[in-house]
Amino acid sequence: MKSNRQAERNRMVDQYVVPHGVQDPAVIAAMRHVPRHRFVPGAYSLFAYVDGPLPIGHGQTISQPSLVAEMTEQLKLKKTDKVLEIGTGSGYQAAILAELVDKVLSVEIVEPLASQAEQTLGELGYTNVRVRAGDGYQGWPEEAPFDAIIVTAAPDHVPQPLLDQLAVGGRLILPVGRDIQTLQLHRRTETGYERRTITLVRFVPLVRPGDNK
Ligand code: SAH
């Protein structure tokens, strides 16, 4: 019988996520519920509930659980929100979002990662997430506006299309910079945008079609 590893997940939340400062009960419940081990390659399964990033292939990583929880909390999500994620990766962050809101859209530039994430999310029964392969710098204009946008790869500047695709009152959280990045929270107001810097983080770079590897 397959273990669902609930005890390990609770320990992860109690030892890392809550001490990190995350308080939103809905975010904490989602972190206790989503089986992170299903989103990491088998070889790293043992480490699925340690608070660190892990390789997911194609030079990419699944983010650290405490950071996933912190970024999610900062978005102050409501059930009825429509959320866009840029950088689907394993699909883990998308699953956390899908626990909290009705509709999640996620864009991933590496096609095999997009299809793998779609498969994992399907196996786990998430019917409220759509994954698309493509360049997330452009957002998902056909589905805009969004109540929240989360970017989990770092561009060197804030992509204008993502600001444009926020609803009034909508929030955008993203790392910005080249090596060490600032985690920024932007909010669209009636007249413009407010911006706040939260902390320093380290994400893989947001790549653009045509970038040299
Ligand atoms: N949120 C993921 C982790 C993201 S790692 C998870 O929960 O597992 C960052 C991801 O962003 C990588 O999979 C990378 O391929 C993707 N990425 C990089 N540049 C991108 C772009 N321009 N558009 C969409 N995805 C991009």
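Trainee: Which element gives the largest share of the shell around the ligand?

Mentor: Keep in mind that this is a predicted model. To read a shell, list the residues by element. Here β2 supplies the largest share, three residues. The elements that give two or more residues are β2, β3, α4 and β4.

Trainee: How many residues surround the ligand, and which are the closest?

Mentor: A residue joins the shell if one of its heavy atoms lies within 4 Å of the ligand. There are 27 of them, and the closest are S90, E108, D135, G136 and V207. By class, the shell has twelve nonpolar, twelve polar and three charged residues.

Trainee: Which polar side-chain atoms lie within contact range of the ligand?

Mentor: Look for pairs of N or O atoms within 3.5 Å. A polar side-chain atom of S90 is 2.6 Å from a ligand oxygen atom. For D135, a polar side-chain atom is 2.8 Å from a ligand nitrogen atom. The backbone takes part as well: an N or O atom of I109 lies 3.2 Å from a nitrogen atom of the ligand.

Trainee: How much of the ligand does the protein bury?

Mentor: Compare the ligand alone with the ligand in place. Alone, the ligand exposes 580 Å², and the protein buries 99% of that.

Trainee: What space does the ligand take?

Mentor: The ligand takes the largest pocket, with a volume of about 510 Å³. Its lining has 36 residues; Q60, T61, T152, A153 and V204 are the closest to the pocket centre. β2 gives the most to this lining too, with three residues. The lining divides into 17 nonpolar, 14 polar and five charged residues.

Key
Residues are numbered from 1 along each chain as its sequence is written. This is a predicted model: local features need pLDDT of at least 70, side-chain atom pairs count only at pLDDT 80 or more; totals for chains, interfaces and linings use all residues. Side-chain values use heavy atoms; hydrogens and water are left out. On a 1 Å grid over the protein atoms alone, a cavity is a set of points where a 1.4 Å probe fits but cannot get out, and a pocket is an open set with protein on both sides within 12 Å along at least five of seven lines; lining residues have an atom within 4 Å of a point. Grid points are joined across faces, edges and corners, and a volume is the space filled by probe spheres set on the points. Helices (H or I, at least four residues) and strands (E, at least two) are DSSP runs, numbered from the N terminus. Ala, Val, Leu, Ile, Met, Phe, Trp, Tyr, Cys and Pro count as nonpolar, Asp, Glu, Lys and Arg as charged, and the others, Gly among them, as polar. A polar contact is a pair of N or O atoms within 3.5 Å; within protein, one must be able to donate a hydrogen and the other to accept it, and residues adjacent in sequence count only if both atoms are side-chain atoms. Accessible areas come from the Shrake-Rupley method with a 1.4 Å probe; for residues, only the protein chains shown count as cover. A molecule sits in a cavity or pocket if more than half of its atoms lie within 2 Å of its grid points.
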